[in-house]
Amino acid sequence: MSGYSQFALLTQRRFLPYFIVQALGAFNDNVYRQAIIGLLGAMVLAGSIAPDTRALYTQLAPAVFIVPYFLFSATAGQIAERLEKQKLIVVTTAMEIGIMSLAAVGFLLQNMPLLLLALFCTGLQSTLFGPVKYSILPSVLAPEELTGGNGLVEMGTSISILLGMIFGGSIFLLAGAAGPYVAAVSIVLLAGAGTFVARRIPRVDAGEPGLKVSWNIARESWGIWKLTRRQLAVRNAVLGVSWFWFIGTALTAQLPVYAETNLGGTQALYILGLALFSIGVGTGSLLCEKLSGRIVEIGLVPLGAFGVSAFLFDLYFARPGQALATGMSVAEFARAPGSARIMLDLAGIGLFTGFFVVPLFALIQSRTPKREMARVIAGMNIQNALFIVAAALSGVAVQRALGWTIPQVFLALAVANTLVAIWIFTIVPEFLMRFLSWLLVRALYRLELHGIEKNVPDEGAALIVCNHVSYMDALILAATIPRPVRFVMYYRIFDIPVMRWIFRTARAIPIAGAREDPALMQRAFDQIDAALAEGEPVCIFPEGALTRDGGIAPFKSGVEKILERAAAAGRPVPVVPMALRGMWSSMWSRRGASADGGWLGRMRVPRRFRARIEVAAGPPLSGELRAEVLEARVRELRGDHA
């Protein structure tokens with residue numbers, strides 16, 4: 001694992017053609033939209049249209065593009081569920097050739113109604129492609145590749161949008177009178193390139209080939225939106241993605257005027273601000289895999305949310321009023337006092353936005369059944385469109401009705417983002433619990449994971465058995481297993497101050513020995529059986545206590561009782577053996593707290609800063625399993641690495 005790089009996906013046919021197609025699509029969409037704005041400017045200079053007409057078309061264009069998301073997302077989600085995905089991608093990219101050919105005629109004739117019609121069709125094509133874009137990833141990537149794959153996609157999308165805006169906005173500035181011809185040729189060639197590459201994507205089976213497509217837009221839109229709300233974590237992940245679009249739309253919509261009024265620059269300075277934000281998003285998206293350890297780590301979501309708020313707050317204080325100078329070039333702005341802070345803030349907002357949104361996409365993909373994936377993504381797209389419109393309208397409203405300045409809008413966004421984050425993490429404590437686990441574990445250790453995503457089932461019940469070395473074992477496993485796990489732990493460990501809140505939030509199951517508290521022990525077995533019946537993974541430490549010598553003690557028979565009870569109820573569960581390596585030297589083990597550990601151990605002072613530890617999982621076992629068989633498998637996984 002240590003030598004793995006997510007960029008290796010870009011060398012593989014299962015991912016590279018898809019990555020290029022989605023990047024080309026985002027690039028071409030933005031080339032087209034910016035070229036329309038460039039054409040409007042050229043027509044005003046030529047006297048073909050009045051400035052008021054230009055303003056009308058400029059405001060109308062985003063609405064024309066977004067309308068298809070409301071009208072056709074439900075149908076698009078059903079089609080994406082029913083059809084083989086590579087075939088659908090080829091169909092949508094072929095549509096792009098026809099749409100861009102129509103747009104090319106609009107450029108050549110300088111016909112705005114025709115260009116707006118083509119823009120509507122572009123929105124329709126994007127609506128059809130959206131559910132496939134994200135629902136295909138769980139089918140072509142291994143579970144441990146989801147975070148890295150989503151990071152590459154978000155990086156590719158953000159950079160493609162930026163480059164598309166720069167290229168499209170430069171066409172009429174650089175080509176002059178030849179601008180309509182350059183724009184027409186560019187968008188058609190880009191559409192053709194996308195179709196060519198789409199044919200290289202390998203076949204990907206349909207999620208639900210027997211699904212009957214309903215053309216009732218209102219009913220199906222409501223139905224697929226309800227699909228996004230079936231699981232609490234998925235529902236709030238979808239809400240988080242929509243909120244990301246709200247923040248991104250509200251921020252980028254203000255950048256052109258902010259660059260001129262508050263930064264004292266020109267169009268080039270707006271592009272700089274947009275570039276810093278986009279590069280930040282791309283960088284944060286790519287870093288997610290490194291920070292998460294190749295699992296779907298939703299603990300990064302609170303980090304991203306509060307990081308965005310921190311940089312938005314600082315952006316307000318960095319320049320709360322108007323610029324002291326006007327007409328500055330990029331170089332002049334960069335040399336001006338306080339400019340470095342503003343540039344750092346814009347890049348930081350983007351960076352933490354990447355931390356925020358990539359794990360949410362990966363969570364949606366890992367927790368949603370594949371037969372519903374495309375429809376859930378379609379439902380999310382409807383909600384995203386609502387939030388985009390709300391962001392645009394609220395930005396205009398607070399400035400015109402309340403007289404807010406753009407820095408005040410940024411301050412309001414920072415406050416709103418903080419409140420929304422707190423609300424989400426309050427109603428779904430799993431997000432915050434994972435963040436605390438992630439922060440604590442990665443502050444203390446360097447984790448190396450083996451087979452976690454591959455062997456822990458993505459859904460359904462499973463019994464995880466692991467050796468018990470330290471008081472941190474449950475927290476480490478919680479930070480490495482992508483699904484919420486019900487841990488069975490000794491009640492004295494469960495009651496450790498501070499950790500108790502995390503264990504309660506994770507719905508851990510306290511247990512005592514039969515001699516200590518037989519009633520608590522029976523309640524624990526009942527809770528374990530109920531959790532397995534609900535399809536939840538449960539983790540137990542069958543040794544029954546922390547190791548006293550670094551070895552693995554014989555597994556107790558309780559694990560057999562759990563399996564026998566589930567099998568007797570007609571619902572046998574797989575057993576996933578796991579092993580912790582390198583924790584015996586930890587300050588949290590009995591060795592660390594013993595006299596042999598010295599005064600550092602007795603005081604719980606770390607003797608190794610960020611020590612390397614390993615967590616390994618083996619293939620699931622099934623059938624009638626004895627405790628000694630499971631013990632032997634865990635011993636094999638741990639090896640000599642106590």
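Tutor: Before we start, contact means heavy atoms within 4.5 Å. This is a predicted model, in which local features need pLDDT of at least 70 and side-chain atom pairs count only at pLDDT 80 or more, while totals for chains, interfaces and linings use all residues. Residues are numbered from 1 along each chain as its sequence is written, and side-chain values use heavy atoms, with hydrogens and water left out.

Student: OK, so what is Phe15 in contact with, leaving aside its neighbours within four places in sequence?

Tutor: With those neighbours set aside, Phe15 is in contact with Leu9, Leu10, Leu137, Leu141, Gly149, Leu152 and Val153. Phe15 also forms one aromatic cluster with Tyr18 and Phe19.

Student: And which residues have the most contacts inside the largest nonpolar core?

Tutor: Phe15 is one of them, along with Ile89, Leu137, Tyr258, Phe333, Ile342 and Ile364, in a core of 93 residues. A nonpolar core is a set of buried Ala, Val, Leu, Ile, Met, Phe, Trp, Tyr and Cys residues joined through side-chain atoms within 4.5 Å, where buried means under 20% relative accessible area, exposed over 50% and partly exposed in between (1.4 Å probe, protein chains only).

Student: Which helix gives the largest share of this core?

Tutor: Helix α9, residues 232–261, gives the largest share with 15 residues; helices are DSSP runs (H or I, at least four residues), numbered from the N terminus. There is also a second, separate core of 39 residues, which includes Val469, Ala478, Ala479 and Cys539.

Student: Changing topic, how many aromatic pairs does a search of the whole structure find?

Tutor: The search finds 15, with rings of Phe, Tyr and Trp (its six-membered ring) pairing if their centres lie within 6.5 Å, and planes under 30 degrees apart counting as stacked, over 60 as edge-to-face and the rest as tilted. Among them, Phe65 and Tyr69 make a tilted pair, 6.2 Å centre to centre with 55° between the planes.

Student: Where do Phe65 and Tyr69 lie?

Tutor: Both are in helix α2 (residues 51–82), 4 residues apart, about one turn of the helix, and both Phe65 and Tyr69 are buried.

Student: Then which parts of the chain does the pair of Tyr258 and Phe410 link?

Tutor: That pair links distant parts, with Tyr258 in helix α9 and Phe410 in helix α15 (residues 406–427), 152 residues apart. The Tyr258 and Phe410 rings are edge-to-face, 5.0 Å centre to centre with 70° between the planes.

Student: Why does Tyr258 count as buried?

Tutor: Tyr258 counts as buried because its relative accessibility is 0%, and Phe410 counts as buried because its relative accessibility is likewise 0%.

Student: And Ala391, what does that touch, not counting residues up to four places away in sequence?

Tutor: Ala391, which lies in helix α14 (residues 373–400), touches Phe246, Thr249 and Ala250 once those residues are not counted. Ala391 has 2% relative accessibility and therefore counts as buried.

Student: One last thing, what is phi of Gln110 near?

Tutor: Phi of Gln110 is near 50°, a positive value in a residue other than glycine. Gln110 sits in the loop between α3 (85–109) and α4 (112–135), and its relative accessible area is 36%, so Gln110 is partly exposed.

Terms used. Helices (H or I, at least four residues) and strands (E, at least two) are DSSP runs, numbered from the N terminus.
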